[in-house]
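Visitor: I would like a close look at one part of this structure, the open and enclosed spaces in the protein and what lines them. Please take the ligand site and the aromatic contacts afterwards.

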Amino acid sequence: MFEQFDLDSELLAAVKNNGYKKPTSIQELVIPEAMKGKDILASAPTGTGKTASFLLPIAQHLLDYPRTSPGFPRVLILTPTRELAIQIGEDSKKLTELTKIKTGVITGGVNYGSHSEILTSTTDILVATPGRLLEYIENEQFDAREIEILVLDEADRMLDMGFSESINRIAAEARWRKQTMLFSATLQSGGVSRFSREVLTDPVFLESTPSRKEKAKIHQWLHIADNFEHKLQLLYNILKQEGVTRAVVFANKRETVQTLSGKLYAEELPCVWLEGKMQQDKRNTAIERLKNGQVNILVATDVAARGLDIDDISHVINFDMPRVVDVYIHRIGRTGRAGNKGTALSLVEAHDMLVIAKIERFQDERFPRRIIEGLRPKNKESRVAIKKPKIKRTTSQKKAKAKKQAKKSAKKSKK
Ligand code: AMP
């Protein structure tokens with residue numbers, strides 16, 4: 001129950017209006033610590049409710065210590081992408097709708113002019129992407145010295161995208177802050193832990209172990225494919241299946257996104273696509289068409305799809321396998337959100353088996369291999385990839401197995 005947290009009634013009512021019945025595991029962990037004002041280092045993939053886990057304590061802080069004079073923002077939330085910034089901005093507005101707290105969003109990709117209101121009027125919570133915000137700081141249009149709480153969301157992505165220098169400079173500007181919270185999908189990467197030592201002071205380390213209900217929502221499996229053409233045929237087949245109500249298809253390159261989009265249209269599978277260099281208004285139109293159900297398929301690269309929060313994605317399809325495990329985890333986190341079931345399936349060629357093995361080790365689970373009749377793989381290499389690997393046994397395991405077998409045959413001969 002959200003009532004267990006020391007939140008004002010306006011916040012509890014907003015939580016209810018948002019349809020949140022009980023806190024998710026990350027919220028259970030983060031909210032009490034954040035409300036004590038501690039620095040936080042949390043591992044929380046998207047889709048686990050992490051946004052509310054920092055927004056609610058932030059809103060409570062602003063209610064507890066109301067502003068005495070107009071001025072620059074008191075809370076700064078940095079995110080890797082504009083979509084994520086917009087999403088967090090919307091969440092913030094919803095959760096504070098019954099209070100006087102004001103939220104603003106500053107991102108790249110829009111005219112300078114459109115931020116003037118945020119820069120000149122009093123905003124409490126500012127959500128921003130690092131690049132554009134730093135420009136405003138350098139032009140002395142923005143003063144980060146009034147920041148009391150700094151949140152770095154999806155810190156691993158921000159570092160991957162080369163923002164570490166910008167964030168460090170912004171963090172240095174916001175040096176009078178009282179609290180810093182860092183969220184990252186994984187904390188394993190050396191980059192994140194090094195970085196966290198620079199920006200956090202004596203943080204509490206919080207790692208959510210999503211409840212079975214939260215975790216077991218994504219069904220994952222593989223289709224082994226011979227080549228690009230075979231993957232295409234599998235993709236058409238899958239997208240035409242019942243139950244695929246909203247799908248995101250991931251490709252590794254922009255060119256593949258374009259090729260796939262064209263081919264899907266030719267197969268009467270209308271889709272929208274996102275690619276990194278698209279103009280903002282085109283991106284918005286594409287996202288809107290998907291959100292309002294005009295089309296059910298989105299084709300995208302990882303960069304283009306970063307931070308997108310679209311509910312009810314029934315299927316995530318890896319047309320190309322990502323090269324590293326945490327990108328896979330991020331991709332599949334787009335389905336199975338907020339208690340819904342999700343499916344993540346991967347079209348895999350022989351050369352992808354290495355990364356598959358890594359993901360299987362990470363998840364401690366072997367992916368089921370599925371076959372679509374009429375689309376069986378033909379190459380020898382692909383057929384090998386379908387087979388269950390032979391388990392190598394140690395000498396003691398071999399001995400134990402031989403003993404077990406001897407016992408079994410002795411029992412049989414007695415009978
Ligand atoms: P996030 O991980 O913050 O992107 O949240 C993922 C989705 O879960 C968003 O659509 C949230 O609105 C939703 N959500 C967050 N907290 C809860 C909750 N306690 N109960 C149900 N849904 C939630």
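Guide: What follows goes through a pocket, a cavity, the ligand site and an aromatic pair in turn. The model is predicted.

Rolling a probe the size of a water molecule over the atoms shows where empty space is left. The second largest pocket has a volume of about 270 Å³. Its lining is made up of 13 residues, and those nearest the centre are Asn 252, Asp 302, Arg 306, Val 327 and Arg 331. Three elements each give two or more residues to this lining: α7 (155-160), α14 (302-305) and α15 (325-332). Of these, α15 contributes the most, with three residues. Sorted by class, the pocket lining holds seven charged, four nonpolar and two polar residues.

Next come the enclosed spaces. Three cavities of 30 Å³ or more turn up in a search of the whole structure. The largest cavity contains about 80 Å³ of space. It is lined by 10 residues, with Arg 157, Asp 302, Arg 306, His 330 and Arg 334 closest to its centre. Asp 302 and Arg 306 are thus named for the cavity and also for the second largest pocket. Helix α15 supplies the largest share of the cavity lining, three residues. By class, six residues of the cavity lining are charged, two are polar and two are nonpolar.

The ligand site has its own set of residues. The ligand is surrounded by 14 residues, and Tyr 20, Gln 27, Gly 47, Gly 49 and Thr 51 come nearest. In this shell, seven residues are polar, four nonpolar and three charged. The side chain of Thr 51 places an N or O atom 2.5 Å from an oxygen atom of the ligand. For the side chain of Tyr 20, the corresponding distance to a ligand oxygen atom is 2.8 Å. Lys 50 takes part through its backbone, where an N or O atom lies 3.3 Å from an oxygen atom of the ligand. On its own the ligand has 500 Å² of accessible area, and the protein covers 84% of that.

Last, the aromatic contacts. The structure holds six aromatic pairs. One of them joins Phe 72 and Phe 142 edge-to-face, at 5.7 Å centre to centre and with 75° between the planes. Phe 72 sits in the loop between α3 (50-64) and β2 (75-78), and Phe 142 in the loop between α6 (130-138) and β5 (149-152), so the pair ties together parts that are 70 residues apart in sequence.

Conventions
Residues are numbered from 1 along each chain as its sequence is written. Side-chain values use heavy atoms; hydrogens and water are left out. A residue is near a molecule or strand if one of its heavy atoms lies within 4 Å of it. A polar contact is a pair of N or O atoms within 3.5 Å; within protein, one must be able to donate a hydrogen and the other to accept it, and residues adjacent in sequence count only if both atoms are side-chain atoms. Accessible areas come from the Shrake-Rupley method with a 1.4 Å probe; for residues, only the protein chains shown count as cover. Ala, Val, Leu, Ile, Met, Phe, Trp, Tyr, Cys and Pro count as nonpolar, Asp, Glu, Lys and Arg as charged, and the others, Gly among them, as polar. On a 1 Å grid over the protein atoms alone, a cavity is a set of points where a 1.4 Å probe fits but cannot get out, and a pocket is an open set with protein on both sides within 12 Å along at least five of seven lines; lining residues have an atom within 4 Å of a point. Grid points are joined across faces, edges and corners, and a volume is the space filled by probe spheres set on the points. Helices (H or I, at least four residues) and strands (E, at least two) are DSSP runs, numbered from the N terminus. Rings of Phe, Tyr and Trp (its six-membered ring) pair if their centres lie within 6.5 Å; planes under 30 degrees apart count as stacked, over 60 as edge-to-face and the rest as tilted.
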